[in-house]
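Subject: Handing over a structure

Dear colleague,

I am passing a structure on to you, and I would be glad if you looked through it before reading my notes. The sequence and the coordinates are shown together just here.

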Amino acid sequence: GQGTVTLDPLISVDSEGISGRVKIEPMITVGSRMDTNFYKAEHNEKDVYTFFFKPGFKLAYETPKSNLSLKYILNANYYSGDDGDYVGHTVNFSGETRPYARITLGLDDSYYKTRDPGRSDKNSNSVSREKYSTNRITPTIKYEFGNKFSLGLGYRNTITDYDISEDSVEHRGIADLTYNFTPTTHVGIKYQHWMRDYDGKTADYDSDEFGLVFTKQFRRFSFEAGGGYHRRTFEDSIIDDINTFSYK
């Protein structure tokens, strides 16, 4: 079970000048959670009560051709029934500019200091609660062929640094071709290739993923679904390569 309280900002600064508009918004979330299987383990389930305190702020800057946003949250977590109390950090930055009518340049960066294994890999099945930091930076470029087609290219660098376990570095190339049926209905062909290198004994690998994704935007929410193929090749010949259907 979980209960949270998000307080409205005490101060909100919104100013507009000749060059652009700036908005600063502080925020704070206080809550608690009860987990009957804190480590999400198949065996040896453990009850843990968590209290969390998350102050932070949002900063946004917007001009007719560009926009920037920065969000910072301090994640203080305290446990009853576990010794893993810690203070983490979340920093999210995104920027986008349109120097020409058909070209958009973007930059995204996300930093996490946490004990949540899902932040390092969304498909992780790890039961470890070791503290680590991870940083992902992604520059992108998008070219629009009129109103129907667009081509996007990007590169992502991910650095994961554990307090005790081995660290890793990932290099990823991203390409997607999108067709717009309507302004709110899109279908895209996406391809990604990435290489993950570990400092220790864990096997390095190369991955290729190809997929077709359908997106529909409504007034208050959006729907996305897709499927494709994922191949992962390990440098260690003892480990079998992976070939599987992927979906979202």
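What follows is a short account of the whole chain and then of one residue in it.

Please keep in mind throughout that this is a predicted model. The protein chain holds 14 strands and 0 helices, so that, read from the N terminus on, each element in the series is a β one. Along its principal axes, the C-alpha trace spans about 55 × 55 × 30 Å.

Of the 248 residues in the protein chain, 27% are buried, and the accessible surface of the chain comes to about 16,000 Å², with 56% of that area belonging to carbon and sulfur atoms. If one takes the contacts between residues at least 6 apart in sequence, 41% of them join residues at least 24 apart. The chain carries 31 positive and 36 negative charges, and the mean positions of these two groups lie 9 Å apart.

The residue I followed in detail is Thr 138, which belongs to strand S8, the stretch covering residues 132–145. Is Thr 138 buried or exposed? Its relative accessibility is 8%, and because buried means under 20%, Thr 138 counts as buried. Its side chain makes a polar contact of 3.2 Å with the side chain of Arg 156. When neighbours within four places in sequence are left aside, Thr 138 is in contact with Arg 156 and Tyr 155, and also with Gly 106, Leu 107 and Asp 108.

With best wishes

Key:
Residues numbered from 1 in each chain as written. Predicted model: local features only at pLDDT ≥ 70, side-chain atom pairs only at ≥ 80, totals over all residues. Heavy atoms only, no water. Helix = DSSP H or I, 4+ residues; strand = E, 2+ residues; numbered from the N terminus. Buried < 20%, exposed > 50% of the residue type's maximum accessible area, 1.4 Å probe, protein only. Contact = heavy atoms within 4.5 Å. Areas by Shrake-Rupley, 256 points an atom, 1.4 Å probe, with all protein chains shown as cover. Lys, Arg positive; Asp, Glu negative; His and termini not counted. Charge placed at Lys NZ, Arg CZ, Asp CG, Glu CD. Polar contact = N/O pair within 3.5 Å; in protein donor to acceptor, adjacent residues only side chain to side chain.
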